Amino acid sequence: MIERKHVHFIGICGTAMAPLAKALRDQGWRVTGSDKGIFPPMSDYLKQNAIDFYVGFHPERMGNPQLVVVGNYIGTSNPEYVAVRERGIPFHSYPEILSQFLIRHESIIVAGTYGKTLTTALLAWIWEMADRRPSYMVGGLVRNFQDGVRIADSQWSVVEGDEYPSSRWNLVPKFSYYRPKYVLLTGAAWDHADVYTTEESYLKVFNMLIRSIPPEGLIVAAMERPHTSTVLEEARASVLSYNRRGEGYADWSLEILARDKNGVTLTFHGARGETIGPCHCSVLGDLNLDHFAGAVGLARYCGIPTDAILRAVETFKGVRRRMEVRGNIQEVTVVDDFAHSPAKAATTLKGLRLHFPHSKIIAVFEPNVGNRVASTEPLYQNAFRDADVVMIPRLSIAKTGKDEEERMDGVKLATVIQAGRGSTSSSSKGVMYEPEDGTLVARITKIAQPGDVVVFMGSHGFRGMIEQTLTALSSSRA
């Protein structure tokens, strides 16, 4: 690496872009960046790491970088992107940069619809506890590491393998760039309907991923999850299966011995009679934990000692915004979760119901744009059965192109969720759309009682409503 070469990030404030900027800074690059909106926690992260950035996209402020990294949401008409092309400056997407600087010979990726971020973070932490010091990329704010991205000197890399397109100019999946030798596949339930308009097109990219794994590699697969068997039909590498204890045969399984509001006690079982545990883990949510059996099975296959695995699981703190408890005010628990699709919301709510079986669950839900298109309506059937109250906030503005499906507004989304809640729903209050943030917070404060759970689910930051809810709950009970 040539010290002080200049790299500029267009869209630097993403939860993955900012840590990558810091990782390149640590490698000796001079780093600058721009974004349309720069807010905490990523603005604080950039400031703490002395990374220069500015608000807006201004080609005259970019300087003369030798390399430009273009964020996933940046359109081809973005003025800085246009200037970069006109000036002939080399530019790459985020996954292309990972491919060049972070991916190692022993490349592990976690792919699939479920639990990628949390499982990737656990794998990186297991490798860390075993003194393997991997390079890693986790698409969230990890709580065991200082940064979400690290470029290290070892032969190992652990990366979250997203199926979403790499960039606006290159629609191949991000994981196409990561050259995996090992894949942990968490399942393939149709998602991102704005990009993959049919289930067949969604599964096709996973078929391509599985075919790319070399014969000397390994696929660790959640066989009980949707379409896993179909995706594996053309696999050239060996397959190691995992599941929940009692679901049938698997090479590795997870047994949950006890649950409480602070986490779970669990044991891992190997097909050859190996047992790891019991141990306590502070992560909430059964379906999140299910993929831990795959992580443990992969770790043992790669020679990670049992004691390192136990230390990792017992000290694993999880990832921000993955069933993260933000506070407990007068016995009302407030949870923040990244669930931005009906399938992910159903998983989160089911997990909370297991940990809080007698609590009223108040859910605030904002899906991402892809899960607001009309064709996703059937996916909402029974997705919110475990919530007692569902609130839809003011949704982010989504422009609809000429040939794109119409997107549901807040009123329509509330109607769809209510219709799909099923006859077993215990709520008499049902689903409500509330476009005013302050009014929504006030409603939560009025409804929530000691012992209840309030969960915010979505990929956006809820415009400070989580913090406002904590403050309002505290004030109302002062």
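## Helix 3

In this predicted model, helix 3 spans residues 79–87, and its buried residues are Glu80, Tyr81, Ala83 and Val84. These four lie on the same side of helix 3, because they cover an arc of only 160° around the axis. Arg85 and Glu86, on the other side of helix 3, are exposed.

What do the buried residues of helix 3 pack against? Their partners are strand 1, strand 2, strand 3, strand 4 and strand 5.

## The five-stranded sheet

Those strands belong to an open sheet of five, ordered 3-2-1-4-5 and paired in parallel. Strand 3 (52–55) and strand 5 (91–93) are the edge strands, each pairing on one side only. On average, neighbouring strands of this sheet are turned by 20° against each other, direction ignored.

Helix 1 (residues 17–26) also packs on this sheet, where it touches strand 1 (6–10), strand 2 (30–35) and strand 4. The direction of helix 1 makes about 180° with that of strand 1. At the strand 5 end of the order, three bridges link strand 4 (residues 67–70) to strand 5 in the parallel sense. Within this part of the sheet, Val69 stands opposite His92 of strand 5. Helix 4 (residues 94–101) lies across strand 4 and strand 5, and runs at about 100° to strand 5.

## Nonpolar cores

In soluble globular proteins, nonpolar side chains tend to be buried together. The largest nonpolar core in this model has 51 residues. Which of its residues touch the most other members? They are Phe9, Leu24, Tyr178 and Phe206.

Leaving aside residues up to four places away in sequence, Phe206 touches Ala111, Gly112, Glu163, Phe175, Leu185, Ala188 and Val231. Another core lies apart from the largest one and has 49 residues, including Ile126, Tyr136, Val142 and Val220.

## The six-stranded sheet

A further open sheet consists of six strands in the order 16-17-21-18-19-20, with mixed pairing. Its edge strands, each pairing on one side only, are strand 16 (324–329) and strand 20 (431–433). From one strand to the next, the twist averages 20°.

Strand 19 (residues 389–392) and strand 20 run parallel and are joined by three bridges. Ile392 stands opposite Tyr433 in strand 20.

Two helices lie across parts of this sheet. Helix 11 (residues 410–419) lies across strand 18 (361–366), strand 19 and strand 20, and runs at about 180° to strand 20. Helix 13 (residues 465–476) lies across strand 16, strand 17 (332–337) and strand 21 (453–458), at about 20° to strand 16.

## Ser229

Ser229 is located in helix 7 (residues 228–231). Is Ser229 buried, partly exposed or exposed? Its relative accessible area is 42%, so Ser229 counts as partly exposed, the class between under 20% for buried and over 50% for exposed.

Ser229 is 150 residues from Pro79 in sequence, and their C-alpha atoms are 45 Å apart in space.

## Confidence

The protein chain has a mean pLDDT of 91, and 96% of its residues reach 70 or more. Where does pLDDT stay under 50? This holds over residues 423–428, for which the model has six contacts beyond four places in sequence.

Note on methods: Residues are numbered from 1 along each chain as its sequence is written. This is a predicted model: local features need pLDDT of at least 70, side-chain atom pairs count only at pLDDT 80 or more; totals for chains, interfaces and linings use all residues. Side-chain values use heavy atoms; hydrogens and water are left out. Two strands pair if DSSP finds at least two bridges between them. Axes are lines fitted to C-alpha atoms, for helices over the stretch in contact, and angles run from 0 to 180 degrees between N-to-C directions. Contact means heavy atoms within 4.5 Å. pLDDT is the predictor's confidence in each residue, from 0 to 100. A nonpolar core is a set of buried Ala, Val, Leu, Ile, Met, Phe, Trp, Tyr and Cys residues joined through side-chain atoms within 4.5 Å. Buried means under 20% relative accessible area, exposed over 50%, partly exposed in between (1.4 Å probe, protein chains only). The arc is that of the directions from the helix axis to the C-beta atoms.
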